[in-house]
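Student: I would like to learn how to read packing features from a set of coordinates. Could you take me through them one at a time?

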Amino acid sequence: MLTKINGLMLADAFAPAHRSMALSAGEAVVRALTSRQWTERFAVQAEGQGVLISARLYFATDRLRLSKDDPAWGLARALQTRSSDGFLRQAAARDLIGHFRPWAAPFIVALIGEYIVEILEDIAAGLTPDMTLALAAFIAENPAYWRTTKCRVMSYWDAYYRHGGYDMSVTHVPLVEEPSCWGRVKRRMLRYWNVGHRHDRGNGMHRSYRRDEYIGFKLIDRLDLAVAGQA
């Protein structure tokens with residue numbers, strides 16, 4: 001677990017080709033964070049390079065000392081998709097989708113593996129052919145991470161959306177696809193439940209979705225087809 005984060009660490013979320021912009025984005029985001037952080041970083045391949053992305057970031061403000069015209073602004077918005085606040089995640093994700101670049105693929109796929117259905121709907125609505133190809137390329141580089149992501153989609157659907165409401169018990173979430181990811185899924189579910197219930201959606205109730213209705217599964221199917229098309 002990390003309790004202190006600096007701009008260099010945040011810049012590690014992007015491939016070396018974007019280092020200058022990533023450092024600027026990292027410094028801008030650090031200035032917006034709370035003084036205390038408690039997070040992990042997950043490792044994936046992006047654009048052929050290993051990167052380290054924060055699982056969660058805790059923001060004191062959503063304001064960035066960067067203008068939209070600054071080349072680092074998009075990378076800073078990507079980092080804001082890791083916010084503990086679901087509304088900030090959604091706003092940042094919409095900017096990331098609207099100004100999509102291939103370096104953003106890990107952040108979009110990470111959001112697919114989370115539980116806020118409105119963000120999943122935004123991703124589906126903004127999924128252009130170029131964005132689909134970039135996400136598929138990232139998935140092909142990271143098959144184990146994609147399996148874990150699909151595991152999370154299944155688990156969150158079962159916990160939040162299969163029957164609606166906020167009745168979640170990790171003991172009732174099915175073990176699917178990858179037993180090795182089950183421990184991580186349970187830890188994330190407990191953490192996201194705690195954060196989400198208190199900060200993301202207040203006391204609002206989720207509607208229920210059949211499996212064939214749920215947008216998370218539709219995104220998985222679309223991206224699996226795109227990956228298969230590249231094979």
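**Reading burial, contacts and packing**

Tutor: Let us start with a single residue: His18 is buried, its relative accessible area being 13%, where buried means under 20% relative accessible area, exposed over 50%, and partly exposed in between, computed with a 1.4 Å probe on protein chains only. Please keep in mind that this is a predicted model, in which local features need pLDDT of at least 70 and side-chain atom pairs count only at pLDDT 80 or more, while totals for chains, interfaces and linings use all residues. Residues are numbered from 1 along each chain as its sequence is written, and side-chain values use heavy atoms, with hydrogens and water left out.

Student: Where is His18 placed, and which residues does His18 touch, not counting those up to four places away in sequence?

Tutor: Contact here means heavy atoms within 4.5 Å, and helices (H or I, at least four residues) and strands (E, at least two) are DSSP runs, numbered from the N terminus. His18 sits in the loop between helix 1 (7-11) and helix 2 (19-32), and, with residues up to four places away set aside, His18 touches Glu47, Leu75 and Trp103. Of these, Glu47 is found in the loop between strand 1 (41-46) and strand 2 (49-54); Glu47 has a positive phi of about 55° although it is not a glycine, and, at 41% relative accessibility, Glu47 counts as partly exposed.

Student: How should I read a nonpolar core, and which residues have the most contacts inside the largest one?

Tutor: A nonpolar core is a set of buried Ala, Val, Leu, Ile, Met, Phe, Trp, Tyr and Cys residues joined through side-chain atoms within 4.5 Å. The largest one here has 69 residues, and those with the most contacts inside it are Phe14, Val29, Ile123, Leu135 and Tyr214. Its largest share, 8 residues, comes from helix 8 (residues 143-161). Leu135, taken as an example, touches Phe100, Ala105, Ile108, Val109, Leu127 and Leu223, leaving out residues up to four places away in sequence.

Student: How is the packing of two helices described?

Tutor: Two packed helices are described by the angle between their axes and the distance between the axes. Axes are lines fitted to C-alpha atoms, for helices over the stretch in contact, and angles run from 0 to 180 degrees between N-to-C directions. The axes of helix 7 (residues 129-141) and helix 8 come within 5 Å and cross at roughly 105°, which makes helix 7 roughly perpendicular to helix 8, given that angles under 35 degrees count as roughly parallel, over 145 as roughly antiparallel, 65 to 115 as roughly perpendicular and the rest as oblique. The contact is made by Phe138, Ile139, Ala140 and Glu141 of helix 7 together with Pro143, Tyr145 and Trp146 of helix 8.

Student: At what angle do helix 5 and helix 7 cross, and which residues make the contact?

Tutor: The axes of helix 5 (105-112) and helix 7 come within 9 Å and cross at roughly 85°, so helix 5 is roughly perpendicular to helix 7. Ala105, Pro106, Ile108 and Val109 of helix 5 meet Met131, Ala134, Leu135, Phe138 and Ile139 of helix 7.

Student: Which residues of helix 6 are buried, and what covers them?

Tutor: In helix 6 (residues 117-125), the buried residues are Val117, Ile119, Leu120, Asp122, Ile123 and Ala124, and their cover includes helix 4, helix 5, helix 7, helix 8 and helix 10 (215-230).
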